[in-house]
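Welcome! Please take a moment to turn the model around and get used to the view before reading on.

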Amino acid sequence: MSTRPAPRPYSPPPADTLTIHYIDADIIVAEKPSGLLSVPGRGKDRQFSALSILTERFGETFIVHRLDMDTSGLIAFARNREAQSAMSSLFESKSVEKRYMAKVLGAPAEEAGRITLAIGRRWEDRPARCIDEVSGKPSETLWQVKRRGDHASLLEVTPLTGRTHQIRLHLAAIGHPILGDRLYGTVETVSERLCLHAGALAFDHPRSEKIVTFESSAPFD
């Protein structure tokens with residue numbers, strides 16, 4: 001039986017905490033705060049989201065990828081169906097560069113590493129995922145130490161695949177769970193927020209096909 005804390009009621013931050021990094025006729029790149037859903041969830045009390053805020057501000061907006069509710073940082077949206085199709089293809093083909101910052105428990109022995117642990121579903125304990133080398137999906141994450149501390153260290157993390165909870169589960173699996181992770185953390189990782197931030201996005205613009213790059217500093221750095 002799971003011993004993790006009970007889910008908290010959805011209490012999202014105000015709409016004005018979702019900030020715009022870039023907008024044109026085809027795409028929006030926003031910075032999502034921790035605690036805000038990327039898209040509406042199940043139930044009337046979970047309809048407020050990054051997507052609903054942008055739709056109200058700018059008209060019809062389309063999802064391209066998602067961040068976990070408790071993850072902050074850069075997230076891209078499309079403003080028309082053509083851009084959504086092009087952007088979705090980029091994400092599916094792993095042609096989008098994504099980098100995250102994570103504050104983790106302890107300090108890895110090495111300066112950098114690669115995690116290649118397959119991820120599967122834990123049906124009896126949803127929404128958690130698990131390491132499953134038999135029937136799980138191949139998953140790959142790169143990490144590099146940016147700053148070490150006695151209790152916690154700051155890592156730059158690059159997911160080469162896009163599995164649900166990949167970064168959170170992979171870092172926990174190597175003994176360095178992310179601070180504030182209520183799914184994969186321990187009593188030692190208690191924090192006011194999940195210390196995971198999507199700090200960089202780079203991709204080919206769907207209309208110009210020129211590479212565009214966006215960066216954001218982690219609020220817990």
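The paragraphs below walk through a few strands, some charged side chains and the surface.

Keep in mind from the start that this is a predicted model. A good place to begin is strand 10, which spans residues 152–159. This strand is mostly covered, with seven of its eight residues buried. It has a pairing partner in strand 5, residues 97–105, and the two run antiparallel with six bridges between them. If you would like a spot to look for, find Met101, which stands opposite Glu156 of strand 10.

Strand 10 also pairs with strand 9, residues 141–147. Here too the sense is antiparallel, and six bridges join the two strands. Leu142 can serve as your landmark this time: its bridge partner in strand 10 is Thr158. To get from strand 9 to strand 10, the chain makes a hairpin through four residues.

Now let us turn to the charged side chains. The structure holds eight salt bridges. One of them joins Arg99 to Glu156, with the closest N and O atoms 3.8 Å apart. Because Arg99 belongs to strand 5 and Glu156 to strand 10, this pair ties together parts that are 57 residues apart in sequence. How open are these two side chains to the outside? Arg99 has a relative accessibility of 22%, so it counts as partly exposed. Glu156 is likewise partly exposed, because its relative accessibility is 22%; the cut-off for buried is under 20%.

Arg99 has another partner to meet. Glu215 forms a salt bridge with Arg99, and the closest N and O atoms of this pair are 3.7 Å apart. Distant parts of the chain are linked in this way: Glu215 sits in strand 12 (residues 211–215) and Arg99 in strand 5, 116 residues apart. Glu215 counts as exposed because its relative accessibility reaches 57%. Step back a little, and you can see a network of salt bridges that links Glu97, Arg99, Glu156 and Glu215.

A further salt bridge takes us back to the hairpin. Arg148 pairs with Glu111, and their closest N and O atoms lie 2.9 Å apart. Arg148 is in the loop between strand 9 and strand 10, while Glu111 is in the loop between strand 5 and strand 6 (112–115), so the contact ties together parts 37 residues apart in sequence. Arg148, at 36% relative accessibility, counts as partly exposed. Glu111 is partly exposed as well, at 47%.

Next, have a look at the surface. Which residues form a positive surface patch? The patch is made of Arg42, Arg121, Arg126 and Lys137. To locate Arg42, follow the loop between strand 2 (27–32) and helix 1 (50–58). Arg42 counts as exposed because its relative accessibility is 81%.

Our last stop is Phe220, in the segment after strand 12. Is Phe220 buried or exposed? Its relative accessible area is 11%, so Phe220 is buried. From here you can also look across to His197: the two residues are 23 apart in sequence, and their C-alpha atoms are 8.6 Å apart in space.

Terms used
Residues are numbered from 1 along each chain as its sequence is written. This is a predicted model: local features need pLDDT of at least 70, side-chain atom pairs count only at pLDDT 80 or more; totals for chains, interfaces and linings use all residues. Side-chain values use heavy atoms; hydrogens and water are left out. Patches are made of residues with over 30% relative accessible area and no salt bridge: like charges are joined within 9 Å, nonpolar side chains (Val, Leu, Ile, Met, Phe, Trp, Tyr) within 5 Å. Accessible areas come from the Shrake-Rupley method with a 1.4 Å probe; for residues, only the protein chains shown count as cover. A salt bridge is a side-chain nitrogen of Lys or Arg within 4 Å of a carboxyl oxygen of Asp or Glu. Lys and Arg count as positive and Asp and Glu as negative; His and the chain ends are not counted. The place of a charge is taken as NZ of Lys, CZ of Arg, CG of Asp or CD of Glu. Buried means under 20% relative accessible area, exposed over 50%, partly exposed in between (1.4 Å probe, protein chains only). Two strands pair if DSSP finds at least two bridges between them.
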